[in-house]
Amino acid sequence: MNSQAAYADGKGSIDVSLTPDEALALTGVEFNGNHKIKTEAQRKIRNAFEKTLDFNSGTR
């Protein structure tokens, strides 16, 4: 994945709404073997990238 495709200067922003538990899971905090929290946070971030960036542009 090349996030530079849409933002040549690398300073664009992407807004993602995470629960506090999801944000903590992304920092490495484990929730008693509940991997769904981290997986859901990663899914939200991936979806936000797909909605914001054009990975099909010819600038890659």
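This report describes the fold, the salt bridges and a nonpolar surface patch of a predicted model.

## Overall make-up

The chain has 60 residues, of which 13% count as buried. Its secondary structure consists of two helices and zero strands. Helix α1 covers residues 20–26 and helix α2 covers residues 36–52.

When contacts between residues at least 6 apart in sequence are taken, 56% of them join residues at least 24 apart. The chain exposes about 4700 Å². Carbon and sulfur atoms supply 48% of that area.

## Salt bridge between the helices

The count of salt bridges comes to two. One of them pairs Glu22 with Lys44, with 2.9 Å between the closest N and O atoms. Glu22 belongs to helix α1 and Lys44 to helix α2, so this salt bridge ties together parts of the chain that are 22 residues apart in sequence.

The two partners fall into separate accessibility classes. Glu22 has a relative accessibility of 6% and counts as buried, because that value is under the 20% cut-off. Lys44 has a relative accessible area of 24% and is partly exposed, as this class lies between 20% and 50%.

## Salt bridge within helix α2

Glu40 and Arg43 form a salt bridge in which the closest N and O atoms are 2.3 Å apart. Both residues lie in helix α2, three residues apart, so about one helical turn separates them.

Each partner of this pair is partly exposed: Glu40 has a relative accessibility of 28%, and Arg43 has a relative accessible area of 35%. In general, side chains of opposite charge can pair when their charged atoms come close.

## Nonpolar surface patch

Val16, Leu18 and Leu26 make a nonpolar surface patch of about 190 Å². Among these residues, Leu26 is found in helix α1, the helix that also holds Glu22 of the salt bridge to Lys44.

Leu26 has a relative accessible area of 34% and is partly exposed. Patch residues need over 30% relative accessible area, so Leu26 meets that requirement at 34%.

## Summary of the two helices

Helix α1 contributes Glu22 to the salt bridge with Lys44 of helix α2, and Leu26 of helix α1 takes part in the nonpolar patch with Val16 and Leu18. Helix α2 also holds the pair Glu40 and Arg43, whose closest N and O atoms are 2.3 Å apart.

How values were computed
Residues numbered from 1 in each chain as written. Predicted model: local features only at pLDDT ≥ 70, side-chain atom pairs only at ≥ 80, totals over all residues. Heavy atoms only, no water. Helix = DSSP H or I, 4+ residues; strand = E, 2+ residues; numbered from the N terminus. Buried < 20%, exposed > 50% of the residue type's maximum accessible area, 1.4 Å probe, protein only. Contact = heavy atoms within 4.5 Å. Areas by Shrake-Rupley, 256 points an atom, 1.4 Å probe, with all protein chains shown as cover. Salt bridge = Lys/Arg side-chain N within 4 Å of Asp/Glu carboxyl O. Patch = residues over 30% accessible without salt bridge, like charges linked within 9 Å, V, L, I, M, F, W, Y side chains within 5 Å.
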